[in-house]
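Here are a few exercises for getting to know a new structure. Try each one yourself before you read the solution.

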Amino acid sequence: MSKQIQDAYIVAATRTPIGKAGRGVFRNTRPDDLLVAAIHGALKQVPGLDPLAIEDAVIGCAMPEGEQGLNMARLAVLLAGLPNTVAGVTVNRFCASGLTAVQMAADRIRVGEADVVLAGGAESMSMVPMSGHKPSFNPEVFARDENLGIAYGMGLTAEKVALQWQVSREAQDAFALQSHQRALRAQEAGEFADEITPVEAIDRSPDLATGGVRVTRRTVSLDEGPRRDTSAESLARLKPVFAAPKDPTGRPTGLGSVTAGNASQTSDGAGALILASESAIKRFGLTPLARYVSFAIKGVPPEIMGIGPIEAIPAALQSAGLAQAQLDWIELNEAFAAQSLAVLGSLELDREKVNPMGGAIALGHPLGATGAIRTATVVHALRRHHLKYGMVTMCVGTGQGAAGIFERV
């Protein structure tokens, strides 16, 4: 068990809907505006909390540049109208940035440094592409074979995992189809309502008739990614996009099973949570939703980064003093079906407990925001279904795995 002097509790948890990057509802919405909307949504859940009690904001972002640069955490705090006394720091652990933000916020409370901390994540893959606008690798990455995995595209790492763990194309497509089916069922049942803060998306276009600007506003309250037209047949027709099944001489490569259909969607979105100590809960009359239990981060070879949760999950369980069977709900980020299936098989996770409402293949994966978004999912799912322990776990670019455990209270 990790040492601490007090517990940290989540007292508010929300997220924006997730939009498709490049062509979706939030393609023209700045990530800091999405974050502000999520912060406002979290604050509405704790009307008795004095904003002056919030000491810091820890916000995750995987590509902190451009519209999401310049310490977005502090900027968003101010844009949200919080007092100048609320500080802010932006953290980057690639895909686990949002979950790391929750961990860092909780740890400040657990060691007695703070009583109320805001945590979250935001990412616009419409405005800041994967690897940023100007990726620049150190030449040493390419000078030694053991470093080449650092430069691998995420899709190629999924191909490596599929090959090493013998995950077939058919299994990947079946997993992707299930993700969409589960997400659609959850949407129809209103399962996401508690965790989502609706966001007004604003589009501006030239009005040629008047010479002015036409402004269109719409309220977005559902994730944009789940597709009703997804089928086994449509997935099977998609071509691999990260590796060729044959080399230039025509010989099989053993690769070529990862497609756009069995990979996570590039997305835009944000999430925000408020964590508090027991004394702050009593002082402001707050209702704790969940207790932060444990967190683990582990490193794995960069070229097979998707297997990170295989190492992180047992470590988080050991820190929590829990057995795997005690987990009631697991949000395993579906970066790719290949790596998800490798993790599921290696740890023998209960498929019924993993992503019951779909995952990133259907719902989207706004990189540094996803950890915070999925934490909001776990917190509300545990309460809605009267379950006890939930986990958020994900693989991380350049070879890491992260896992966080939460307990409904």
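**Exercise 1.** Does K388 count as buried, partly exposed or exposed, and what is its relative accessibility?

Solution. Keep in mind from the start that this is a predicted model.
- Step one: look up the value, which is 39% relative accessibility for K388.
- Step two: set it against the cut-offs, where buried means under 20% and exposed means over 50%.
- Step three: 39% falls in between, so K388 counts as partly exposed.

**Exercise 2.** Find the salt-bridge partner of K388 and say where the two residues sit in the chain.

Solution.
- Start with the partner: K388 pairs with E407, and their closest N and O atoms are 2.8 Å apart.
- Now place them: E407 belongs to strand β12 (residues 400–408), while K388 is in the loop between α12 (370–384) and β11. The two are 19 residues apart, and the pair links distant parts of the chain.
- Finish with accessibility: E407 comes out at 10%, so this residue counts as buried, whereas K388 is partly exposed.
- As an extra, look for a network: R15, E195, D223, E331 and R374 are joined into one by salt bridges that share partners.

**Exercise 3.** How many salt bridges are there, and which parts of the chain does the one between D7 and R291 tie together?

Solution.
- The count comes to 22 salt bridges.
- In one of them, the side chains of D7 and R291 meet at 3.4 Å, N to O.
- D7 is in the segment before β1 (9–15) and R291 is in strand β9 (residues 290–299), so this pair ties together parts lying 284 residues apart in sequence.
- D7 has 24% relative accessibility, so it counts as partly exposed.
- Another pair to find is R108 with E113, at 3.3 Å from N to O. R108 is partly exposed at 24%, and E113 is partly exposed too, with 49%.

**Exercise 4.** Is N147 buried or exposed, and what does it touch?

Solution.
- Locate it: N147 is in the loop between α4 (140–143) and α5.
- Check the number: its relative accessibility is 15%, so N147 counts as buried.
- Look at its contacts: leaving out residues up to four places away in sequence, N147 touches E140 and V141.

**Exercise 5.** Describe the largest pocket: how much space does it hold, and what lines it?

Solution.
- Volume comes to about 1100 Å³.
- The lining has 46 residues, with M125, M130, S264, T266 and F336 nearest the centre.
- Elements giving two or more residues to this lining are α5 (154–164), α7 (232–237) and β11 (389–396).
- Sort the lining by type and you get 26 nonpolar, 15 polar and five charged residues.

**Exercise 6.** Step back to the whole chain: how many helices and strands does it have, and why can it be called as compact as a globular protein of its length?

Solution.
- Count the elements: there are twelve helices and twelve strands.
- Compare the radii: the chain's radius of gyration is 21 Å, close to the 22 Å from the globule rule for 409 residues, so it is as compact as a globular protein of that length.
- Add the extent: the C-alpha trace spans about 70 × 65 × 50 Å along its principal axes.
- Check burial: 57% of the 409 residues are buried.
- Last, look at contacts with a separation of 6 or more: 79% of them are between residues 24 or more positions apart.

Note on methods:
Residues are numbered from 1 along each chain as its sequence is written. This is a predicted model: local features need pLDDT of at least 70, side-chain atom pairs count only at pLDDT 80 or more; totals for chains, interfaces and linings use all residues. Side-chain values use heavy atoms; hydrogens and water are left out. On a 1 Å grid over the protein atoms alone, a cavity is a set of points where a 1.4 Å probe fits but cannot get out, and a pocket is an open set with protein on both sides within 12 Å along at least five of seven lines; lining residues have an atom within 4 Å of a point. Grid points are joined across faces, edges and corners, and a volume is the space filled by probe spheres set on the points. Helices (H or I, at least four residues) and strands (E, at least two) are DSSP runs, numbered from the N terminus. Ala, Val, Leu, Ile, Met, Phe, Trp, Tyr, Cys and Pro count as nonpolar, Asp, Glu, Lys and Arg as charged, and the others, Gly among them, as polar. Buried means under 20% relative accessible area, exposed over 50%, partly exposed in between (1.4 Å probe, protein chains only). Contact means heavy atoms within 4.5 Å. A salt bridge is a side-chain nitrogen of Lys or Arg within 4 Å of a carboxyl oxygen of Asp or Glu. The radius of gyration is taken over C-alpha atoms; the globule rule is 2.2 Å times the number of residues to the power 0.38.
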